[in-house]
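Me: Could you walk me through how to read the main features of this fold, beginning with the chain as a whole and then turning to single elements and residues?

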Amino acid sequence: MTTTLPPSRGRLVIDEVEIIPLDIVPRMKRKISTGPLLYGDTGSWIGRPVLLRISAGGISGWGEVRPVNPWIGETAASVFACLRDFYAPVLLGRDAMDIERVLRACSAKLPGNLAALEVTDFALHDLVGKALGVSAHTLLGGAQRDSIPLEWSVGLADDKTMIDESVMAAEKHGIRYICIKVGPEEKIEADANVVKQIRKALGPDVYLGIDANMGYTPVGAVQLAKRIEEVNLTYFEQPVPPTHIDNLKWVYDRCNVSIIADESCYSPADAARLCANGAADVMAVKFYKCGGLRRGRDIATIADSFGLRANVAGTANGSYLEAIAGATLAAAIPNHAFGAEFVMGLPAIDVDPIVANRPIDVKNGHCNLPLGPGFGVELDMAQVGKLALDRAVVRKS
């Protein structure tokens with residue numbers, strides 16, 4: 001059935017879309033149980049962010065996404081092509097105020113491109129927030145808190161590096177949630193040892209979690225949790241592969257800590273299955289898994305309907321626009337758990353060269369509330385031009 005847009009009544013009609021991949025590599029290069037995150041040499045598109053501008057009525061909304069490879073299947077090149085060839089033509093002529101309708105139209109045009117959908121979602125919220133003169137979190141129901149506790153995710157490395165990084169995060173930045181990468185299961189003894197050392201170095205007042213990124217079997221995950229009972233874990237994130245939900249539930253039933261579902265939870269439908277099966281008590285929301293702010297909010301709402309919680313995950317490594325989107329969602333959902341993970345996109349950790357102002361940052365382990373309008377971010381267009389690997393502009397004909 002063919003649908004038409006409603007008659008013009010103060011509509012914010014999208015008339016131009018611009019896509020710019022950027023040659024920016026984050027300062028922190030990290031490794032997880034499945035291997036190192038990848039970044040190519042200067043001029044490469046591997047591990048690079050893609051900047052998106054959606055314009056309407058003389059206003060521009062911005063979004064940025066850095067696909068995390070090889071953790072997800074989308075790349076900077078695939079996001080660029082998806083936005084240029086599929087989503088931009090869908091966006092043109094539509095009312096940006098109809099955020100949900102526009103996002104559903106994009107997803108229907110080329111399903112499964114969640115990182116591309118994420119950056120489209122970001123730019124629409126920034127655009128509409130600016131048009132209305134409100135913060136992007138207002139479009140999600142408004143702020144539920146005045147500041148956001150943060151989590152530091154410690155990548156896999158040698159013991160000393162991991163211990164030093166944990167101490168730095170706690171002492172320099174006041175972070176009170178430290179999550180330690182573990183796995184694969186063959187190094188269970190080394191994992192247990194470094195977690196114990198980090199607890200000793202941090203003392204009892206820091207909340208400690210571990211994240212296996214699917215690197216353990218159910219039996220191994222329970223064994224690890226029991227070997228480190230003395231450290232008083234707060235949570236265990238995605239201990240096992242997502243293939244069988246019963247395996248995650250088996251671990252959850254045997255570990256006396258919160259279980260965060262990450263790779264098991266891509267969509268609101270995934271969240272509903274996990275909650276209904278009692279397989280985890282916290283849903284990890286990563287924008288490049290779920291497709292942006294609105295889908296992330298939907299996941300949190302489903303968890304809330306079961307009396308469970310959601311956690312804004314994803315480090316936003318080197319990307320301020322991704323970090324402020326994380327702060328927007330973490331501020332808006334009432335059932336946020338633990339600390340939000342976007343700290344590595346904040347200026348105190350890594351200065352994003354394309355950002356001209358910095359309305360949010362980390363202080364005493366917390367991020368202040370973004371106040372907008374939209375995301376409240378101003379870009380340095382001269383820097384954008386210098387760092388652009390390519391540029392595509394799609395206009396209404």
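**Reading the fold**

Reply: Buried residues, meaning those under 20% relative accessible area (exposed is over 50%, partly exposed in between, with a 1.4 Å probe and protein chains only), make up 59% of the 397 residues in the chain. This is a predicted model, in which local features need pLDDT of at least 70 and side-chain atom pairs count only at pLDDT 80 or more, while totals for chains, interfaces and linings use all residues. Residues are numbered from 1 along each chain as its sequence is written, and side-chain values use heavy atoms, with hydrogens and water left out.

Me: How many helices and strands are there in the chain?

Reply: Helices (H or I, at least four residues) and strands (E, at least two) are DSSP runs, numbered from the N terminus, and the chain has 12 helices and 16 strands. With the radius of gyration taken over C-alpha atoms, and the globule rule being 2.2 Å times the number of residues to the power 0.38, the chain's value of 21 Å is close to the 21 Å given by the rule for 397 residues, so the chain is as compact as a globular protein of that length.

Me: At what angle do the axes of α2 and α3 cross?

Reply: Axes are lines fitted to C-alpha atoms, for helices over the stretch in contact, and angles run from 0 to 180 degrees between N-to-C directions. Here the axes of α2 (residues 99–109) and α3 (residues 114–132) cross at roughly 160° and come within 11 Å. Angles under 35 degrees count as roughly parallel, over 145 as roughly antiparallel, 65 to 115 as roughly perpendicular and the rest as oblique; α2 and α3 are therefore roughly antiparallel to each other. Contact means heavy atoms within 4.5 Å, and the residues making it include Ile-99 and Val-102 of α2 and Leu-117 and Leu-124 of α3.

Me: Where is Thr-234 placed, and is Thr-234 buried or exposed?

Reply: Thr-234 sits in the loop between α6 (218–227) and β10 (235–237), and with a relative accessible area of 19% it is buried. Leaving aside neighbours within four places in sequence, Thr-234 is in contact with Tyr-207, Leu-208, Val-257, Ser-258 and Phe-338. In α6, the buried residues include Pro-218, Val-222 and Leu-224, and among the elements covering the buried residues of α6 are β9 (207–211) and β10.

Me: Which residues does Gly-174 touch?

Reply: Gly-174, in the loop between α4 (159–173) and β8 (177–181), touches Ala-169, Asn-364 and Gly-365, not counting residues up to four places away in sequence. Gly-174 is buried, its relative accessible area being 17%.
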